[in-house]
Amino acid sequence: MQDDLLERLRTIVGAPNVLTGVELSPYVVEGRTPDTAIFPGSVEEVSAVIARVSELGLPVIPWGGGTAASVGMPSARAGLVLGLRRLNRLVEHEPGDLTVTVEAGMTVGELQAALSGRGQWLSLDPADAERATIGGVLATNASGPRRHLYGTARDLLIGVTVVTAEGAIVKGGGKVVKNVAGYDLPKLFVGSYGTLGVIVEATFKLRPRPDDERLVCVSFDRLKDASAAVRALMASDLIPNAVELLDATAAFGAGGTGGALGLGRTLAPTPGAVLVVGFDGLGEQVEWQCAGLARLTAGLGGRAPQALASEAWPKLAQGARAAFPVATAVMAFVVLPTQVAELMEQGAGAARARGLAAAWAAHAGVGVVSAALSAGHEPSEPAPIAAVLAEWREIARAGGGLATLEWAPLAVKSQVPVWDDPRAAGRIMQRIKAELDPKNVLNPGRFVAGI
């Protein structure tokens with residue numbers, strides 16, 4: 001990067017907030033090192049930085065906590081990492097209105113801690129909440145087990161401030177829940193992976209903290225019995241806030257002693273699956289629902305429900321990835337809830353056929369599934385890994401589902417597309433990208449359809 005540009009950036013944000021050389025090691029993605037990393041301290045500084053580098057056509061890679069940095073394809077050109085960690089202020093909290101406005105660099109964990117003092121919370125529980133930032137969660141539309149009842153970021157966001165590819169500061173939505181005027185601009189940026197604009201501030205609707213919350217697990221000898229229990233649960237009068245289905249590897253770990261929840265330390269491993277269900281509300285209501293779950297699952301081959309500690313929630317959000325010390329590849333799927341168990345069973349069989357281990361976990365009530373692949377401790381050629389991932393994608397597609405390669409070595413990504421074919425929607429997305437980022441400087445090439 002040119003020395004005069006570096007000096008200009010140091011003038012905007014301060015010299016200590018511009019990193020070069022060996023200081024860039026935390027921001028290397030798949031062997032590709034940015035030219036520099038810069039950390040603005042205000043929305044105005046973000047605007048000034050983007051306006052300056054956009055004139056030169058340099059790629060800008062927005063960076064929150066880095067928890068999803070490996071999703072998608074890295075930029076083919078070196079550029080500038082735009083870190084938002086200094087934009088970490090709680091701008092406004094209106095307890096009476098159940099709304100909060102926060103800067104994008106604050107982590108989810110920090111925000112929840114600030115809200116808990118007033119008996120409120122943001123009903124989002126993404127994985128690694130202590131690192132995941134508000135801006136990153138919005139950009140990736142990240143969520144966790146509680147999405148079953150409370151939805152995702154798209155359902156909670158009511159206002160957003162974004163810096164465009166040309167450095168303009170744009171506001172959309174508002175600070176009240178009943179805000180229905182104009183286009184729903186905030187939702188356009190949710191899940192866009194920083195390709196349309198840099199989210200710098202967001203306003204959410206909140207909920208009161210429940211009086212009681214419990215997480216219980218029921219183990220089954222057969223995956224299809226656990227799947228039947230999910231269907232029965234969904235058809236019942238019970239109102240869970242989480243419905244998670246884990247195969248034996250995800251629940252107990254590859255060796256029977258780990259897994260997402262570490263259940264192998266407290267329960268005898270089963271060859272089938274584990275159903276994990278959460279309930280919240282008034283204490284008496286939660287007690288009644290837990291008893292109802294026990295009755296429902298007992299007739300379907302389920303063992304007696306076991307209570308899990310509250311510490312299991314963040315572990316559960318990690319999904320299948322936590323089953324192995326090091327996952328070789330991770331793929332996410334969206335399918336019909338009725339097809340979750342079939343995808344898990346067929347996918348596990350495809351991995352076994354090529355001598356690879358797999359773990360599967362699902363938000364079973366909404367059809368969102370994650371799968372991790374492991375080649376063990378020995379280095380593996382990319383070909384068999386790519387073959388399994390391609391077969392997984394075809395299994396999902398056969399039922400009308402979609403698959404996204406969330407993590408894999410670059411050698412595997414070169415053989416297996418990260419994103420599914422968006423078809424006609426891809427052309428619409430490309431046109432929106434061209435309108436909002438005509439120079440293609442924001443995370444170029446990272447997202448679906450080459451956006």
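This passage describes how helices and strands are arranged in a predicted model, sheet by sheet.

The N-terminal part of the description concerns a sheet in which four strands are arranged in the order S1-S2-S4-S3, the sheet being open and its pairing mixed. Strand S1 (18-19) and strand S3 (60-63) form the edges, each of them pairing on one side only. Strand S2 (residues 36-38) and strand S4 (residues 80-83) run parallel and are joined by three bridges, and within this pairing Ala-37 has Val-81 of S4 as its bridge partner. Helix H2 lies across S2, S3 and S4, and its direction makes an angle of about 170° with S4.

Helix H2 (residues 43-55) also packs against helix H1 (residues 3-13), the two axes lying 10 Å apart at an angle of about 165°. Because angles over 145 degrees count as roughly antiparallel, H1 is described as roughly antiparallel to H2; the crossing of these two helices is right-handed. On the H1 side the contact is made by Leu-5, Arg-8, Leu-9, Ile-12 and Val-13, and on the H2 side by Glu-45, Ala-48, Val-49, Arg-52 and Val-53. Sorted by class, the contact of H1 with H2 comprises seven nonpolar and three charged residues, with no polar residue.

A further open sheet contains eight strands, which follow the order S15-S12-S14-S13-S17-S18-S16-S19 with antiparallel pairing. The edge positions are taken by strand S15 (306-308) and strand S19 (402-407), each of which pairs on one side only, and the twist from one strand to the next averages 20°.

Within this sheet, strand S17 (residues 357-363) has six of its seven residues buried, so that S17 is largely enclosed by the rest of the structure. Strand S13 (residues 242-247) runs antiparallel to S17 and is joined to it by three bridges, with Glu-244 standing opposite His-363 in S17. The antiparallel pairing of S17 with strand S18 (residues 368-374) extends over seven bridges, and in this pairing Leu-373 of S18 is the bridge partner of Ala-358. The hairpin formed by S17 and S18 has four residues between the strands, and in this hairpin Gly-367 adopts a positive phi near 75°. Strand S18 also pairs in the antiparallel sense with strand S16 (residues 329-334), over six bridges, and here Val-334 stands opposite Val-368 in S18. Helix H13 (residues 382-398) packs on the sheet, where it touches S16, S17, S18 and S19, and the direction of H13 makes about 5° with that of S16.

Helix H8 likewise contacts strands of this sheet, lying across strand S12 (212-220), S13 and strand S14 (273-281) and running at about 25° to S14. The axis of H8 (residues 223-235) comes within 10 Å of that of helix H10 (residues 283-298), and the two cross at roughly 135°. H8 and H10 are therefore oblique to each other, and H8 passes H10 in a right-handed crossing. The residues that meet are Ala-229, Ala-232 and Leu-233 in H8 and Leu-293, Leu-296 and Thr-297 in H10; by class, this contact of H8 with H10 has five nonpolar residues, one polar residue and no charged residues.

Key:
Residues numbered from 1 in each chain as written. Predicted model: local features only at pLDDT ≥ 70, side-chain atom pairs only at ≥ 80, totals over all residues. Heavy atoms only, no water. Axes fitted to C-alpha atoms, helices over the stretch in contact; angles between N-to-C directions. Parallel < 35°, antiparallel > 145°, perpendicular 65-115°, else oblique. Left-handed = near helix turned anticlockwise from the far one by under 90°. Contact = heavy atoms within 4.5 Å. Nonpolar A, V, L, I, M, F, W, Y, C, P; charged D, E, K, R; others polar. Buried < 20%, exposed > 50% of the residue type's maximum accessible area, 1.4 Å probe, protein only. Pairing = 2+ DSSP bridges.
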